[in-house]
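Okay, everyone, thanks for coming. I'd like to walk you through the spaces in this protein and what sits in them, so let's put it up on the screen.

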Amino acid sequence: MNILARAKQLEADGYDVIHLEVGEPDFATPQVVRNAAKKAIDEGRTHYTPAMGLPQLRSKISNYYKEQLSADVSAKNILVTPGASGALQLVLSAIIDPGQKILMADPGYPCNRHFVRMLEGCAQSVAVSADTQFQLTHQLIREHWDSETVAVMLASPSNPTGTLITREEMQQIIAVVDELGGVLIVDEIYQGLVYDQKDFTVAEYSTNVFVINSFSKYFSMTGWRLGWLIAPSEYIDVIDRLAQNLFLAAPTISQYAALAALDAEAICIYEQQKNELRMRRDFLVAGMTKLGFVISVKPGGAFYIYADVSKFTDDSFTFCSDLLEQVQVAITPGIDFGEHQAARYVRFAYTQPIDKLQQALDRLARFLLPQGLK
Ligand SMILES: Cc1ncc(COP(=O)(O)O)c(C=O)c1O
């Protein structure tokens with residue numbers, strides 16, 4: 001947040017800052033989706049929807065799983081939420097009692113540990129490194145599970161590393177968490193943005209898992225605040241009641257817009273955007289590697305590159321701060337995502353077009369060379 005605030009300040013002072021710190025797509029929501037929202041406004045669809053979401057949207061999400069991911073997910077198990085953030089808060093509220101522990105990867109999405117703390121639970125961070133693709137594995141889960149642990153949170157593709165959990169590993173994780181009697185929560189918010197292999201959902205393998213998703217990333221709808229949750233049947237009632245109390249419902253206009261986001265016309269645009277992101281990833285990974293950044297696991301999804309900068313510095317926060325001050329490239333230091341090797345890593349978000357990425361690489365070269373860092 002300090003880096004972001006400083007980047008904004010520099011911009012206000014007239015500097016041209018290249019933003020590679022922002023965790024949202026630069027693409028505007030497709031026109032066809034915006035038109036659906038306008039139509040909903042004109043038709044006066046301005047009231048609350050049911051807390052679980054518009055029935056037609058829940059069915060459409062269910063169809064989306066069938067058509068795009070060959071997964072059988074009943075609309076009855078789908079709840080529409082205010083972003084993945086709303087879905088995460090609902091699930092954690094439903095499962096945590098004070099003092100209980102939730103296993104999660106370090107580095108990982110920072111809000112998760114804050115949500116757990118808010119509910120007086122305990123985030124049990126497990127250090128993960130390149131050797132496990134920066135992901136928890138079934139062995140790590142077994143090793144770190146104790147009598148207070150009640151759940152495991154995973155994200156595939158992950159923020160900040162863009163790395164994935166394989167199908168085989170996911171099946172083993174399901175089996176181990178089941179054997180330990182715990183709850184498995186899989187954040188699939190970057191689902192759709194998987195570049196080198198066919199995408200899958202954990203919902204294909206189990207109906208006993210909480211699946212988090214959102215219209216924010218693949219669907220380029222961050223500002224619409226809309227996501228969804230797939231919950232096991234026995235939790236639907238409690239989650240419905242929690243949603244009624246916490247949010248009443250997700251934004252109505254956004255839900256009507258999302259109906260169009262799931263149509264073939266919009267999906268065709270999303271697939272083109274995905275191709276563009278894949279090209280950006282390849283471009284930036286190659287350019288950064290040439291400059292001496294170490295990218296030990298090629299990110300297979302999302303729009304992040306988690307790079308080892310230990311060759312240049314032993315303090316990634318100062319590295320980010322100097323980079324911003326000297327050549328106005330904004331990136332995120334590892335400390336935002338946890339403590340494990342945080343001073344060694346930085347996150348680049350390739351949420352800028354290729355010409356901007358080229359400029360960023362030129363500036364990085366300028367930053368690294370004079371200091372003899374390369
Ligand atoms: C892993 C992960 N989960 C959840 C979220 C929250 O997303 P939203 O509430 O916009 O759907 C983010 C946002 O960056 C994220 O990276």
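So, to start: how far does a polar side-chain atom of Lys217 lie from an oxygen atom of the ligand? The answer is 2.7 Å. Before I go on, please keep in mind that this is a predicted model.

Lys217 has company there. In the side chain of Tyr190, an N or O atom is 2.7 Å from an oxygen atom of the ligand. Arg225 does it too, with an N or O atom of its side chain 2.7 Å from a ligand oxygen. As for how wrapped up the ligand is, on its own it has 400 Å² of accessible area, and the protein covers 92% of that.

Let's look at the whole shell. You'll find 13 residues around the ligand, and the closest ones are Ala84, Ser85, Asp187, Ser214 and Lys217. Which helix gives the most to that shell? That would be α4, residues 83-95, with four residues. If you sort the shell by class, you get five nonpolar residues, five polar ones and three charged ones.

Now, where does the ligand sit? It's in the largest pocket. That pocket has a volume of about 900 Å³. It is lined by 35 residues, and Glu21, Gly23, Tyr109, Asn159 and Arg347 are the closest to its centre. Four elements put two or more residues into this lining: α1 (2-12), α4, α5 (110-118) and β11 (332-333). So helix α4 turns up in the pocket lining as well as in the ligand shell. The pocket lining comes out at 17 nonpolar, ten polar and eight charged residues.

On to the second largest pocket, with a volume of about 280 Å³. It has 22 lining residues, and nearest its centre are Ala105, Asp106, Pro107, Gly108 and Tyr109. You've heard Tyr109 already, since it was also on the list for the centre of the largest pocket. The elements that each supply at least two residues here are β3 (101-106), α5 and β5 (149-155). By class, this lining has eleven nonpolar, seven polar and four charged residues.

Okay, from pockets to cavities. Rolling a probe the size of a water molecule over the atoms shows where empty space is left. How many cavities of 30 Å³ or more does the structure hold? Three.

The largest cavity has a volume of about 90 Å³. Its lining has 13 residues, with Ser156, Leu164, Ile165, Asp199 and Phe200 nearest the centre. By class, that's seven nonpolar, three polar and three charged.

The second largest cavity has a volume of about 40 Å³. How does its lining divide by class? Ten residues are nonpolar, one is polar and none is charged. Among the residues that line it are Leu79, Val80 and Thr81, along with Leu90, Phe247 and Leu248. Strand β2, residues 78-81, gives the most to this lining, with three residues.

Last bit: some backbone details to look at on your own screens. Remember Ser156, from the lining of the largest cavity? A cis peptide bond joins Ser156 to Pro157, and omega there is about -5°. Pro157 is in the loop between β5 and α7 (167-180).

Then there's a second cis bond to look at, from Asn159 to Pro160, with omega near 20°. Pro160 also lies in the loop between β5 and α7. And Asn159 is one of the residues closest to the centre of the largest pocket, which is where the ligand sits.

One more, over in the loop between α3 (55-69) and β2: that's where Ser70 is found. Ser70 isn't a glycine, and still it has a positive phi of about 50°.

That's the tour, and I'm happy to take questions.

Terms used:
Residues are numbered from 1 along each chain as its sequence is written. This is a predicted model: local features need pLDDT of at least 70, side-chain atom pairs count only at pLDDT 80 or more; totals for chains, interfaces and linings use all residues. Side-chain values use heavy atoms; hydrogens and water are left out. A residue is near a molecule or strand if one of its heavy atoms lies within 4 Å of it. A polar contact is a pair of N or O atoms within 3.5 Å; within protein, one must be able to donate a hydrogen and the other to accept it, and residues adjacent in sequence count only if both atoms are side-chain atoms. Accessible areas come from the Shrake-Rupley method with a 1.4 Å probe; for residues, only the protein chains shown count as cover. On a 1 Å grid over the protein atoms alone, a cavity is a set of points where a 1.4 Å probe fits but cannot get out, and a pocket is an open set with protein on both sides within 12 Å along at least five of seven lines; lining residues have an atom within 4 Å of a point. A molecule sits in a cavity or pocket if more than half of its atoms lie within 2 Å of its grid points. Ala, Val, Leu, Ile, Met, Phe, Trp, Tyr, Cys and Pro count as nonpolar, Asp, Glu, Lys and Arg as charged, and the others, Gly among them, as polar. Grid points are joined across faces, edges and corners, and a volume is the space filled by probe spheres set on the points.
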